[in-house]
Amino acid sequence: MRIRELLKLYAQRKIRPREVVEERFRKIEETKHLGAFISLDYDGAMRTAQILEKSLTKKLPPLYGVPIAVKDLIDVAGLKTTAGSLFFKDNFAKDDAFVIQQLKKAGAIIVGKTNLHEIALGVTNNNPHFGACRNPHDPTRISGGSSGGSAVAVATNMVLAALGTDTGGSIRIPSALCGVVGLKPTYGRVSVRGVMPLSWHLDHVGPIANSVEDAWIVLKVISKHDVQDPFSQKAPLREPDFEKFPKGMKVLKVTGDFVSRADERILKIVDEACHVLKRLGAVIEEKPLEWLKDAAAANGLITQTEAAAFHRERLKDRPELFSDDVRQRLMEGASTSGVDYAQARKVQTMTKHNFKQLFSQYDLLVLPTVPIVAPFIEGENAVEMARRLTRFTAEFNISHLPAISVPFGRVDNLPVGVQFVTKWWREDLLVQVAHAFERATRSF
């Protein structure tokens, strides 16, 4: 079910929020073996549903009675924010994060906190403290991360939408591997106040949903300027025209050695995606962008270094409480020299400059979201997997560009994601194209 469909049923008095909550929790119970949630809030969800039923009006708020899951890195007052770590297993949030405030004002029902890779520093979601989060298309495989629980909850219809965070691909990677839509907005578009940081200069909050329109509806709600968040930026959010495709738009398909190191079957799916865009009216060009490799590597270095800075005392006092792969990456970050960090920040500036020039010639980039399908949980090397699975996503964190992963096609009967990227603050163009693409490929 989509958000608009649910709102229509509410408006027609054909269903009540408490019925929806009951149905969602039945679904959560049926699929608990996938490990999507760390904690649930049935009582709180039912209280919210009851309040909403008493306040039903002709004009419903945009998320009235919509069940939503929240990555357990984001504060929800009265619930634990564990960050998937033993360090925070008893950490109850006193206040709502700014994005949660916006969701609640819009009538959303928070059902619980979703599983993640510990402290969000990884992409497998094989969490040793709270259990592995499993791919709904094959439970022997990873969900992707670090927002894996959010992606699984959406993919299995436990909820209609979820919030994730994205520092190197953590919204888009699990969305691609689980077959849902993941939208990373422009850096600063969505407040991170009340969200446990991983990397101050790279962290984004965004929606995961079963359709582009649903992701857009959630993004509109949470995209309010937060004067108390020093990383929040004030920028207008334009409305997309979902009724048409921007004819004649110039799309660059990224090629070259950097991109070619992906599963050939995934590259063929990207080729097919370009054919769809061309049929819709886009002009497709191809060009190698080998400097993306340096951008992705710099993003990884900044992530680990800033994560080590935030967790400095915990790493010093009780390093054994971190899982092996997370401890390894934190220690690498802690040992990074100021010279290397400075060089990575220079690469960030150059990457933004390169993209500024690129987007003076093109309207959109298209490339794979991930280079491979979901790997098996057993035998995976989480550190190596982080480098491999962020190959095509991290460069859009370090550059702060908006990007979206849309499910398209399958390989080995597992979902594949195609990634669209556009210039800063043009989420409207991004979702307009993605929506038209989604409609054109619905039966693919």
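**View 1. Helix 2 lies across three strands in this predicted model.** Helix 2 (residues 17–30) lies across strand 1, strand 2 (67–71) and strand 3 (109–114), and its direction makes an angle of about 20 degrees with strand 3. Contact means heavy atoms within 4.5 Å, while axes are lines fitted to C-alpha atoms, for helices over the stretch in contact, with angles from 0 to 180 degrees between N-to-C directions. Helices (H or I, at least four residues) and strands (E, at least two) are DSSP runs numbered from the N terminus. Residues are numbered from 1 along each chain as its sequence is written. In this predicted model, local features need pLDDT of at least 70 and side-chain atom pairs count only at pLDDT 80 or more, whereas totals for chains, interfaces and linings use all residues; side-chain values use heavy atoms, without hydrogens and water.

**View 2. An open sheet is formed by 11 strands.** The strand order is 1-3-2-8-10-9-14-15-13-11-12, with mixed pairing, where two strands pair if DSSP finds at least two bridges between them. At the edges, strand 1 (37–40) and strand 12 (283–288) each pair on one side only.

**View 3. Strand 10 (residues 204–209) is largely enclosed by the rest of the structure, because six of its six residues are buried.** Buried means under 20% relative accessible area, exposed over 50%, and partly exposed in between (1.4 Å probe, protein chains only). Strand 8 (residues 161–166) pairs with strand 10 in the antiparallel sense over six bridges, and Asp166 has His204 as its bridge partner. Strand 9 (residues 181–184) also runs antiparallel to strand 10, joined by two bridges, with Gly182 opposite Ile208.
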